[in-house]
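Trainee: I've got this one open on my screen. Mind walking through it with me?

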Amino acid sequence: MGRPDDLAYYDSDPVVRSDEGVGETFASVLANRLTRRGLIKSGLLAGLAASPLGRIAASGTRVPAFDDGLHFSPIQPSTEDRIIVPQGYRVQVVARWGDPLHANSPAFDPNQQSAESQSKQFGYNNDFVGFLPLPFGSTNSKHGLLAVNHEYTNPELMFPIEGPKAMNEAQTRVCMEAEGFAVVEVLMDERGEWKIVQGGRFNKRYSATSEFEITGPARGHTRMRTKRDPEGRSAIGTFANCAAGKTPWGTVLSAEENFQDYYGHASGVEDPKEKRGNTRYGIPEGASSYGWERFRQDLDVRHEPNGPHMHGWVVEFDPYDPTWKPRKRTALGRFRHEAATTYVSKNRRVVMYSGDDSRFEYVYKFVCDKPYQPDNREANRGLVDSGVLYVAKFNEDGSGEWLPLVHGHGPLTEANGFSDQGDVAIDARIAADLLGATKMDRPEDIEVNPVNQRVYIACTNNVQRGTEGRATTDKMNPRVENKHGHIIEVREEGDDHTATKFQWEMFMVCGDPSDPSTYFAGYDRSKVSPISCPDNICFDLQGNLWIATDGQTNTLKHHDGFFAVPVEGPNRGRLQQFMSSVPDAEVCGPEFTPDCTTVFLAIQHPAEGSQHGKFTTLFPDGKGLPRPSVIAIRAEDGRVIGGPPKGASRRSLLGLQ
Ligand code: FEO
Ligand code: CA
Ligand code: CA
Ligand code: CA
């Protein structure tokens, strides 16, 4: 819940908080600098006056009704091959796989695609999307940089072949350039149309062949030394970049998730410690899923036993500085990272949350040693190199603890195979096992709500929960064979995100609301939209939670989508569907501009599961190949996404006339 001193944040004009930057995500740091009175006039913050926060402000003023700020007509679930949004909204395609980024980039030609051309074009399977305004430090909502993760490739859709292992070397090298990270300058014109600025000076691709600096406790570690770099200070390539997070200092922390799919032949390693690690991280004994090691020896564990230690990290990129070499931040631990959300807590202490997205894996957070310095970008870029990594233990009574993964503490000693903090970072999963962390149902995105400061964890699903030989249900993961997933709400002790204790409660148990095992924060189930497999989440300026899904086609038999739900007031739990996607595509991003009048969504892997030439969708062009794309959704009248029509009176919004 908001503290009374937060109210100044909404009432002054313009707002510059004396503790500017504290208690803020990147988006809210920017939003903080907006002129609040203008937003209130426009109706954007109308609900706050009537929210629990507003009640405190009014102290004694009777509040006639409640407005959560959401005023769109929810759409119905769909299986149509088109993007559906509520009446009054428009969809545009901003960036598609293959779109040229540089002045000399070739136009997309699926029949002539080469590694060289792909390295200058927008990549495949866009997941995370971050909007970073231009210039740096502004709240510009019409011009900025899109920072995008390109998680993986679908060779069977990109090429006329049956699957990844049928790729020849040239096709494999296209895929290596199609993954990683992109920085793309985008500009909105007078008509509200977003376009890529081809040749923009910040435009840049990082891929599976780029070089990265290793920083933190694993830098120079014996287990990081490779034939290419015997010093263990650099690595080649980023891939499997799934979710990510913007930092308040304008960089992006990108999460390397399913890196195990890129390494092959772990059977070639005899050392017991390495065998233990490779087993725990799922590095295959035989060939990898993608088969890249056929053309790259550094991905063949027989050739490079330390290879798998190069990935599974959080990577820091600086979209505003194309000359800055990105860093693999090993202090944050090695696992299948999903999400990397930074938050500036009390005393300017920086905290980062990350989930390990596999069945029965853990939720982590990292607390930086040094404070955030709003005016020292250079110092902030090194913040996540020193601090304490914690893993979450949830108790059934609603309490929880953050357990430190610190070498020498508890079982994290030489006797258990941990010689130093570098070992703890490299084998973070094993360290977390030893501490007795809580096995969760695939934690995906984790975000801090900038309005109520609570932490929301999307557990997407876990069909093995409670099955034979696997962990049974508990209050945190309450369903056997959990197909639909759930969302947990955490309140750090004293709203201090560096705290080692927390309280948690179940916010939502997803599924078709006619299923009595679903739960929508106590809201009337007959009045909510069906939802399954929550994945990426974000918040609007009023603190409403927005959820993108990944997997509804399998579980609810309709397409993935984008949903909004208030987390405060009488409408807490009133989930409504805002958007429906195209066949066989998950919805990612999501990302609002600072003024919340545009939302960017990533349409990932359209037509996945179909074969080349028999595509289930040809999104977005209706011809050629399906192309993963970033879209923008805006209202025709430029209103805030999900908000009231421009010019609507407050009385009408509250249903008083
Ligand atoms: Fe790439 Fe966990 O989703
Ligand atoms: Ca995801
Ligand atoms: Ca997110
Ligand atoms: Ca997912």
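Mentor: Happy to, and keep in mind that this is a predicted model. Let's start with helix α8, where the buried residues are Gln171, Thr172, Val174, Cys175, Met176, Glu177 and Ala178.

Trainee: How many of the 10 residues of α8 are buried, then?

Mentor: The helix covers residues 169–178, and it is largely enclosed by the rest of the structure. Among the elements covering its buried residues are β3 (143–150), β4 (180–188) and β6 (204–206). The helices α6 (115–118) and α7 (155–158) also take part in that cover. The number of buried residues in α8 is seven.

Trainee: Which residue caps the N-terminal end of α8?

Mentor: Look for a side-chain oxygen close to a backbone nitrogen; the cut-off for a polar contact is 3.5 Å. Here the backbone nitrogen belongs to Ala170, and the oxygen lies 3.1 Å from it. The cap is Asn168.

Trainee: And which residue takes a positive phi just after α8?

Mentor: The angle there is about 110°. The residue is Gly180.

Trainee: Phe181 sits in β4 and Tyr206 in β6. Is that ring pair stacked, edge-to-face or tilted?

Mentor: Phe181 is buried at 0% relative accessibility, and Tyr206 is buried at 5%. The two residues are 25 apart in sequence, with ring centres 6.1 Å apart. Planes under 30 degrees apart would be stacked and over 60 edge-to-face. These planes are at 50°, so the pair is tilted.

Trainee: What about Phe136 and Tyr320: at what angle are their planes?

Mentor: Phe136 is in the loop between β2 (126–133) and β3, while Tyr320 is in the loop between β11 (314–317) and β12 (327–329), 184 residues away. Phe136 is partly exposed at 41%, whereas Tyr320 is buried at 10%. Their ring centres are 4.9 Å apart, and the pair is edge-to-face. The angle between the planes is 75°.

Trainee: How many aromatic pairs does the structure hold?

Mentor: Those two are among them, and there's also one aromatic cluster made of Phe72, Tyr89, Trp546, Phe562, Phe578 and Phe592. The number of aromatic pairs is 33.

Trainee: Which residue has its charged end over the ring of Tyr281, 4.1 Å from the centre?

Mentor: Two arginines come up at this ring. Arg429 lies over the face of Tyr281, but at 5.3 Å from the ring centre. The one at 4.1 Å is Arg334.

Trainee: Over to the metal: which residue coordinates both calcium ions, ligand 4 and ligand 2?

Mentor: Ligand 4 is coordinated by Glu444, Asp535 and Asp550 at 2.3 to 2.4 Å, with donors spaced E-x90-D-x14-D. Glu444 in β20 (443–448) and Asp535 in β25 (534–539) are 91 residues apart, so the pair ties together distant bits of sequence. Both are buried, Glu444 at 2% and Asp535 at 1%. The two calcium ions are 3.6 Å apart, and the shared residue is Glu444.

Trainee: Last one: how many disulfides does the count come to?

Mentor: A disulfide needs two cysteine sulfurs within 2.5 Å. Cys459 is buried at 0%, but the nearest cysteine sulfur, in Cys510, is 9.8 Å away. Cys588 is buried at 0% too, and its closest cysteine sulfur, in Cys242, is 6.5 Å off, too far for a bond. The count is zero.

Conventions
Residues are numbered from 1 along each chain as its sequence is written. Chains are lettered from A and ligands numbered from 1 in the order in which they are written. This is a predicted model: local features need pLDDT of at least 70, side-chain atom pairs count only at pLDDT 80 or more; totals for chains, interfaces and linings use all residues. Side-chain values use heavy atoms; hydrogens and water are left out. Donors are N, O and S atoms within 2.8 Å of the metal (3.2 Å for Na, K and Ca); water is not among the atoms, so sites may look incomplete. Helices (H or I, at least four residues) and strands (E, at least two) are DSSP runs, numbered from the N terminus. Buried means under 20% relative accessible area, exposed over 50%, partly exposed in between (1.4 Å probe, protein chains only). Contact means heavy atoms within 4.5 Å. A polar contact is a pair of N or O atoms within 3.5 Å; within protein, one must be able to donate a hydrogen and the other to accept it, and residues adjacent in sequence count only if both atoms are side-chain atoms. Rings of Phe, Tyr and Trp (its six-membered ring) pair if their centres lie within 6.5 Å; planes under 30 degrees apart count as stacked, over 60 as edge-to-face and the rest as tilted. A charge sits over a ring if NZ of Lys or CZ of Arg is within 6 Å of the ring centre and within 35 degrees of the ring normal.
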